Amino acid sequence: MFSAPCEKAMGREWEGEKTAAHWPVPWKPKLHQVYEFGEDIRTQLIITDKLSGAIIGESQHKISPHGAVSDEFLIELREALRWLRGVSTDRVNTRFDLVQRRVSERWAINLDYSDCVWETIHGDLHWKNIAGPRLEIIDWEGWGIGLQHQDLAFLLALSGLDQILASRIRRVFRGSVVARSLTLAELFVTAELLRASENHGEHPDLVPALTGLGRRARDQWLS
């Protein structure tokens, strides 16, 4: 279910689930119907197939005690993101001016457009949007063009309290990663998450890990 003020009940996020409905992939629950109702506040009720398993995360950055993230599961996720990057779209998830501003404010790095490589991404990939043991990914409202490896960078940043898991993710994805693109995505993602923590109190326990990851990415970018 997705709600927005009437004047904002349109555009990218409002159309996200519907525009991805035709994808012939097993890891996105099939969309059956979308109902819209309400006047001042419009609500979109999205009916999809029931998940075959359970949500992996007990929060965006903590795996549920019953969640299992095997190497085989991470390989499925890697291949799903590989497929997604090949989807052609004019939808935009992340703008260059936002990336440029966040990275400059947080890490004192001045970017130009040529520093960025772009691909189609989910745009909100965290452990509460991933189900298993058979991979399924939900909440496609914001999908569109973003930084190369942005989804992977979010998962790595949100796995900062479990460095064993983060290391396994890096190992499984290593062969499909462009190192400099991942470094840039980590600079942007850590800046975004640290800003959300400071402004809205989100993920307070992740702040040390996010700061460390961002500093390492900054040093790699400048080296």
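Where is the place of leucine 206? The exercises below work through this and other points.

The structure is a predicted model: local features need pLDDT of at least 70, side-chain atom pairs count only at pLDDT 80 or more, and totals for chains, interfaces and linings use all residues. Residues are numbered from 1 along each chain as its sequence is written, and side-chain values use heavy atoms, without hydrogens and water.

**Exercise 1. Place leucine 206 and describe its surroundings.**

Step 1. Leucine 206 sits in the loop between H6 and helix H7 (207-222). Helices (H or I, at least four residues) and strands (E, at least two) are DSSP runs, numbered from the N terminus.

Step 2. Check the accessibility. Leucine 206 has 0% relative accessibility, so it counts as buried. Buried means under 20% relative accessible area, exposed over 50%, and partly exposed in between (1.4 Å probe, protein chains only).

Step 3. List the contacts (heavy atoms within 4.5 Å). Leaving aside neighbours within four places in sequence, leucine 206 is in contact with His61, Ala157, Leu158, Gly160 and Leu161.

Step 4. Look back along the chain. Threonine 183 is 23 residues away from leucine 206, and their C-alpha atoms are separated by 19 Å.

**Exercise 2. Compare two serines of helix H6.**

Step 1. Serine 181 is in helix H6 (residues 179-200). Serine 197 lies in helix H6 too.

Step 2. Serine 181 has a relative accessible area of 11%, so it is buried. Serine 197 is at 13%, so it also counts as buried.

Step 3. Find the polar contacts. Such a contact is a pair of N or O atoms within 3.5 Å; within protein, one must be able to donate a hydrogen and the other to accept it, and residues adjacent in sequence count only if both atoms are side-chain atoms. The side chains of serine 181 and glutamine 148 are joined by one of 2.5 Å. The side chain of serine 197 reaches a backbone atom, the oxygen of glutamate 202, at 3.1 Å.

Step 4. Add the other contacts, leaving out residues up to four places away in sequence. Serine 181 is in contact with Val117, Gln148 and His149. Serine 197 touches Glu202, His203, Pro204 and Val207.

**Exercise 3. Examine the backbone at alanine 108, histidine 149 and proline 133.**

Step 1. Recall the usual case. Most residues other than glycine have a negative phi, and most peptide bonds are trans.

Step 2. Alanine 108 has a positive phi, near 55°. Alanine 108 is in the loop between helix H3 (96-107) and strand S7 (118-121). Its relative accessibility is 67%, so alanine 108 counts as exposed.

Step 3. Histidine 149 has a positive phi, near 70°. Histidine 149 is in the loop between strand S10 (144-147) and helix H4 (150-158). Its relative accessible area is 3%, so histidine 149 is buried.

Step 4. A cis peptide bond joins glycine 132 and proline 133, with omega about 15°. Proline 133 is in the loop between strand S8 (130-132) and strand S9 (136-137).

**Exercise 4. Describe the whole protein.**

Step 1. Count the elements: seven helices and ten strands.

Step 2. Consider the dimensions. The C-alpha trace spans about 50 × 40 × 35 Å along its principal axes.

Step 3. Consider burial. Of the 223 residues, 48% count as buried.

Step 4. Consider the contacts. Among those between residues at least 6 apart in sequence, 75% join residues at least 24 apart.
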